Amino acid sequence: MCGIVAYVGSQQAYPILLNGLKRLEYRGYDSAGIAIMNGGLKTFKKKGKVAELEAFTENIDDHSTIGIGHTRWATHGAPDDINAHPHSSGNGRLVMVHNGIIENYDSLRRALERDGHVFKSETDTEVLVHLIEEIQTQDELPLEEAVRIALSRVVGAYAIVLMDAEDPDILVAARKASPLVIGVGEKEFFLASDATPLVEHTEKVIYLKDEEIAVVNRNGDMQIKTLNNQLQTPYIHKLDMKIEALEKEGYDFFMHKEIHQQPVTIADCMRGRLSLEEHYVRLGGVEEYEQRLTKANRFIIAACGTSWHAGLIGEYLFEELVRMPVEVEYASELRYRNPIITEEDVVIALSQSGETADTLAALELAKEKGALIYGIVNVVGSSISRLTDAGSYIHAGPEIGVASTKAFTGQVTLLTMMAISLGYKRGTISTSMFQRLVSEMSNIPAKVKKVLQFEDQIKYIAGEIKDRQHALYLGRGYNFPVALEGALKLKEISYIHAEGYPAAEMKHGPIALIDEEMPVIVIATNKSAYDKVVSNIQEVKARKGMVIAVVTEGDKVISKMADYTIEIPDTEEVLTPLLSVIPLQLLSYHIAVMRGCDVDQPRNLAKSVTVE
Ligand code: AGP
């Protein structure tokens, strides 16, 4: 949610900023802006995507070797040119980019207005840069000191970077609950909301911690202090990311590439953790906290959106294989519900980005209550991965399409390995069951590949339903969360209203919606309750609904009843979601493309939701 990029060194800043913004655009695309220093501060900002800014700045003097940039997902104020970042102080000496929300901005703004400050925008960001200016000028303080004092008066979340017209060699940056990474070069520094803009410049990165302020200087000096003025020794990480991972590599959309990467990303998630020959499932975090995990009272899974759907599958897995009570919570609800969480509980956080504000806040609460926090995260070094006691990365590589696909199957793969491992340790699954599941897991990448080969058929079905206004997704057991996920995918990228339901719940309400206009996508690969799903399909057909059924290869019964069927290979029931979700991802993708939607950057959304 909002992307920040900044540069100071000896290279031209403008192309670095522009490319960085393109890499970060998936974090927000309501407006974009940059500020550089060419005989004074020059700010350029434009409503819309980075391409609009690029066209707008085509002829600028790009000799500046320092600059800041921003791509915005609007919170305070409409997405227009004025509210776009960077924002300037009243005296024009400072410019700032910001990701996050200043919650007490209204009272700060009123106080500043009383002191004569005049604001141009409706943003909380402009209030913060005016506050910094006020402190800097009143007490004639160095910028870093003014930032430190200002931030101690602020309630909320921020990652900020500032430039000072009177000190053209430095950038000042700070963060709290919004990410900021510093790339370290030879007498140059690159700052960004995540590592994607840095990878082509350096592999040395520092993840700024909460309540730290950094001052980077083009002479190569860097100083990091806490808000309490304590000097910190930064730890330089080696970035493990390839530039190709950030390119479309021949696909029209990142989402399409990411759907097709799944045979590889699922295999990568299992690599070194699951061995068929030596019969083990080994997850570092599980080994380390085996006692706490196997003796836990219950697992609470906290997540949002697609990750929450993966969490629901986790509930089915842990209950069945580990015989452990599980609760799956929307992180946003868990946080504000005064939940009963004890030291015997384990809270598992699922998050692709590792930055989702609601999930982070829920974890902080659970941590205060003494629960063990286990993170299942994709982005290495992200805030959630650093907050947890233990955890596992899903190793799916950068997911750039806003609609999550490969991260979902990565999360489900990880949860499945965790459930098999814990079930075996707790003795709730037998050795033969353990071996069967481990063996079948290793077949999953090849089976996903097989499902992807049905793309043309799925595309044809997409063409048949692309103009419908609504869609209903039904599934039972492990396929119920898959139905929810299928509906979310369709909603978010094609703007067709879709709902997911447990198949048996249809008769308790949604059946009233069914007529010849309503496509019903039934995920009907179940071994258990198969006959019940067949009955649900008959109920839809009796009301003239169109049925698109995802079935197990060789299914003769449902194929005769459904209007369209998509076959997936047979597998263990607990592993079904890893296959049954693939046709739903492809269906949504092709519908969205046919409707002319911007698949990778759907309206109003952003990849990493760093505001509550
Ligand atoms: C998925 O397609 C979404 N765009 C969204 O629901 C996402 O899963 C949610 O915001 C959670 O994000 P996280 O996994 O990065 O925490």
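Which helix gives the most residues to the shell around the ligand? The close-ups below, taken from a predicted model, answer that and then move out to the two sheets.

**View 1. The shell around the ligand.** Helix α10 gives the most to this shell, with 3 residues. Both α10 (305–322) and α18 (479–494) supply at least two residues each. In total, 14 residues surround the ligand, and the closest are S307, S351, S353, T356 and E492. Sorted by class, the shell holds 8 polar, 4 nonpolar and 2 charged residues.

**View 2. Backbone atoms that meet the ligand.** Here we look at polar backbone atoms beside the ligand. At S404, such an atom is 2.8 Å from an oxygen atom of the ligand. T306 also places a polar backbone atom 3.1 Å from a ligand oxygen. For V402, the partner is a nitrogen atom of the ligand, 3.2 Å from a backbone N or O atom. The ligand would expose 410 Å² if taken alone, and the protein buries 91% of that area.

**View 3. The parallel sheet and helix α18.** Five strands form an open sheet with parallel pairing, in the order β24-β23-β25-β26-β27. Strands β24 (497–502) and β27 (564–568) stand at the edges with a single partner strand each, so one side of each has no neighbour in the sheet. On average, neighbouring strands are turned by 20° against each other, direction ignored. Within this sheet, 5 bridges link β25 (residues 519–523) to β26 (residues 546–552); if you would like a pair to find, I523 has V550 of β26 as its bridge partner. Helix α18, which you met in the ligand shell, packs on this sheet and touches β23 (470–475), β24 and β25. The direction of α18 makes about 175° with that of β24.

**View 4. The antiparallel sheet and its β5 edge.** This open sheet has 7 strands with antiparallel pairing, ordered β5-β6-β7-β8-β12-β13-β14. Its edge strands are β5 (87–88) and β14 (231–232), each pairing on one side only. Strand β5 is joined to β6 (residues 94–102) by 2 bridges, and the two run antiparallel. To locate this pairing, start at H87, whose bridge partner in β6 is M96.

**View 5. Two helices against the antiparallel sheet.** Helix α4 (residues 124–139) packs on the sheet by touching β5, β6 and β7 (156–164). Its direction makes about 125° with that of β6. Helix α5 (residues 143–152) lies across β6, β7, β8 (167–176), β12 (212–217) and β13 (222–226), and α5 runs at about 160° to β7.

Notes: Residues numbered from 1 in each chain as written. Predicted model: local features only at pLDDT ≥ 70, side-chain atom pairs only at ≥ 80, totals over all residues. Heavy atoms only, no water. Pairing = 2+ DSSP bridges. Helix = DSSP H or I, 4+ residues; strand = E, 2+ residues; numbered from the N terminus. Contact = heavy atoms within 4.5 Å. Axes fitted to C-alpha atoms, helices over the stretch in contact; angles between N-to-C directions. Near = heavy atom within 4 Å. Polar contact = N/O pair within 3.5 Å; in protein donor to acceptor, adjacent residues only side chain to side chain. Areas by Shrake-Rupley, 256 points an atom, 1.4 Å probe, with all protein chains shown as cover. Nonpolar A, V, L, I, M, F, W, Y, C, P; charged D, E, K, R; others polar.
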